[in-house]
Amino acid sequence: MHVLTILDHPNPDSFSAAVARRFMDGASAAGHTVELADLHAEGFDPRWSMDDITAEGGPSPLADIAKEQARIARADAICFVFPLFWWGMPAMTKGWVDRVFTWGWAYDQLEDPEKSLLRPRSGLLLVPAGARSDEMAERGYLEALETAWIKGTFGFSPRRLELLCGATGSARRRQALLEKSFEAGYALASPGA
Ligand SMILES: Cc1cc2nc3c(=O)[nH]c(=O)nc-3n(C[C@H](O)[C@H](O)[C@H](O)COP(=O)(O)O)c2cc1C
């Protein structure tokens, strides 16, 4: 499979960046080809603007959006890596989704689903979080995120949320989470599985 990893973190030495690298190592070890979209390093502009609104009704997408849609179109599996911020996505990922999942391309009934978001494609959200996993479950955050992201935003099939809880914890804990990230890449499900 061809596996696209979308990383949202400005710091190449962050835990999130390490998670993305380990995930890609796992996917490569399983024989997949890998591609990285490093949104901060590439300077993606997450601000939804009047240009997006105008382009939506027009014949072709904006150049930066066409680039992102082409990356999705050639991927069989997509993994988002972003840190949990205020029980949600950081602004970069949120803006990326707002701008890239355009109505005519992502959700409309299209003549050629092969070129759109509708082609079967597996998806994974690998999300480092400071909180412990028992806090996540007891306070209802896990269920809220599953509802918003897995039922709501991301239409991949199959799709899965893997919260990497305790990401600000001990070196041992972080190492275990990096191994989990490798395993997630190694055991990536095929589209439609
Ligand atoms: C602005 C901000 C908001 C955060 N909000 C949350 C949160 O709501 N829940 C949580 O568990 N951790 C939260 N954290 C902790 C991050 O998820 C944690 O620092 C991150 O996963 C560590 O990885 P990094 O080194 O890649 O940043 C927050 C951190 C920052 C900087």
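**Exercises on a predicted model: sheet and helix packing**

**Exercise 1.** Determine across which strands helix 7 lies and at what angle it runs to strand 5.

*Solution.* In this predicted model, helix 7 comprises residues 141–153 and lies across strand 4 (122–129) and strand 5. Relative to strand 5, the helix runs at about 145 degrees.

**Exercise 2.** Establish the strand order of the sheet and state which strands stand at its edges.

*Solution.* Step 1: the sheet is open, contains five strands in the order 2-1-3-4-5, and has parallel pairing. Step 2: strand 2 (33–38) and strand 5 (159–165) each have a single partner strand, so one side of each is left without a neighbour in the sheet. These two strands therefore stand at the edges. Step 3: on average, with direction ignored, neighbouring strands are turned by 15 degrees against each other.

**Exercise 3.** Describe the pairing of strand 1 with strand 2 and identify the bridge partner of Thr-5.

*Solution.* Strand 1 (residues 2–7) pairs with strand 2 in the parallel sense, over six bridges. Thr-5 has Leu-36, in strand 2, as its bridge partner.

**Exercise 4.** Characterise the packing of helix 1 against helix 8 by axis distance, crossing angle, handedness and residue classes.

*Solution.* Step 1: the axes of helix 1 (residues 15–29) and helix 8 (residues 171–186) come within 6 Å and cross at roughly 40 degrees. Step 2: the crossing is right-handed. Step 3: the helix 1 residues that meet helix 8 include Phe-15, Val-19 and Phe-23, while those of helix 8 include Leu-178, Phe-182 and Tyr-186. Step 4: by class, this contact has 11 nonpolar, three polar and four charged residues.

Definitions and conventions: Residues are numbered from 1 along each chain as its sequence is written. This is a predicted model: local features need pLDDT of at least 70, side-chain atom pairs count only at pLDDT 80 or more; totals for chains, interfaces and linings use all residues. Axes are lines fitted to C-alpha atoms, for helices over the stretch in contact, and angles run from 0 to 180 degrees between N-to-C directions. Helices (H or I, at least four residues) and strands (E, at least two) are DSSP runs, numbered from the N terminus. A crossing is left-handed if the near helix is turned anticlockwise from the far one by less than a right angle, and right-handed if clockwise. Two residues are in contact if their C-beta atoms, placed from the backbone, lie within 7 Å. Ala, Val, Leu, Ile, Met, Phe, Trp, Tyr, Cys and Pro count as nonpolar, Asp, Glu, Lys and Arg as charged, and the others, Gly among them, as polar. Two strands pair if DSSP finds at least two bridges between them.
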